[in-house]
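Visitor: Could you walk me through this one? I'm new here.

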Amino acid sequence: MAEVKIQAESRTEFGKGAARRIRRDNKVPAVLYGHGSDPVHITLPGHDTMLALKTANALLLIEVEGGESHLALPKQVQRDPIKGFIEHVDLVIVKRGEKVQVEVAVHLEGEAVSDALVVTEHASILVEAEATHIPTHIVVSIEGLEIGAQIHASDLTLPTGATLAIEPDTLIVNVTAQPTAEQLEGETEGDAAEGAAAEEPVAAAAE
């Protein structure tokens, strides 16, 4: 994964008021920490940060004014629940050659047999890899899989240098039979009956 260079400014103002002023200037308050060092409070350019964090586990080279630089991974990204803009970023400092544990997305490729329902039990898995060689995703082929087939973590082909950080028998993909129209109709009727039963006590209380 290529490093994304971002120019940062030192931050000396804190609190909600300061954070609002920073965001009004299209910037993002952030903090760098890790490796036993004191937290470094910084401000990041809003547009560049938004673009960089579109990639999961983005490796950032943070260059702070004054010549100080840090290699970092996003640890926590806080976004506005309505508008979606980035409100704050926690960054963890990493070193070249250091191994880290990160969640990596699982991408399915191919098609199972007809009438099969492919259930992704885990959309991402925890792996250990060098901070500078984190895989962007892990490809899982489901081509031609029969009903009843299962793919466990131990069945995955990981990129060179990456290892599993979860139990090998963790179920990742489960291939089952698609429900029939009769089964779906039965579930719908069952849900309707449960809903009616749940409403009965309310009606009695109203009387």
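Guide: Sure. Ala, Val, Leu, Ile, Met, Phe, Trp, Tyr, Cys and Pro count as nonpolar, Asp, Glu, Lys and Arg as charged, and the others, Gly among them, as polar. The model is predicted, so to speak plainly, local features need pLDDT of at least 70, side-chain atom pairs count only at pLDDT 80 or more, and totals for chains, interfaces and linings use all residues. Residues are numbered from 1 along each chain as its sequence is written, and side-chain values use heavy atoms, without hydrogens or water.

Visitor: How do the residues lining the largest pocket divide?
Guide: A pocket is an open set of points on a 1 Å grid over the protein atoms alone, where a 1.4 Å probe fits, with protein on both sides within 12 Å along at least five of seven lines; lining residues have an atom within 4 Å of a point. The lining of the largest pocket divides into eight nonpolar, three polar and two charged residues.

Visitor: Which element gives the largest share of that lining?
Guide: Strands are DSSP runs (E, at least two residues), numbered from the N terminus. Four lining residues come from one strand, the largest share, and that strand is β7.

Visitor: In what order do the strands of the closed barrel run?
Guide: Two strands pair if DSSP finds at least two bridges between them. Pairing is mixed in this barrel of six strands, and the order is β1-β3-β2-β6-β5-β4.

Visitor: How many bridges join β5 to β6?
Guide: Strands β5 (residues 68-79) and β6 (residues 86-93) run antiparallel. Ala 72 stands opposite Ile 93 in β6. The bridges joining β5 to β6 number seven.
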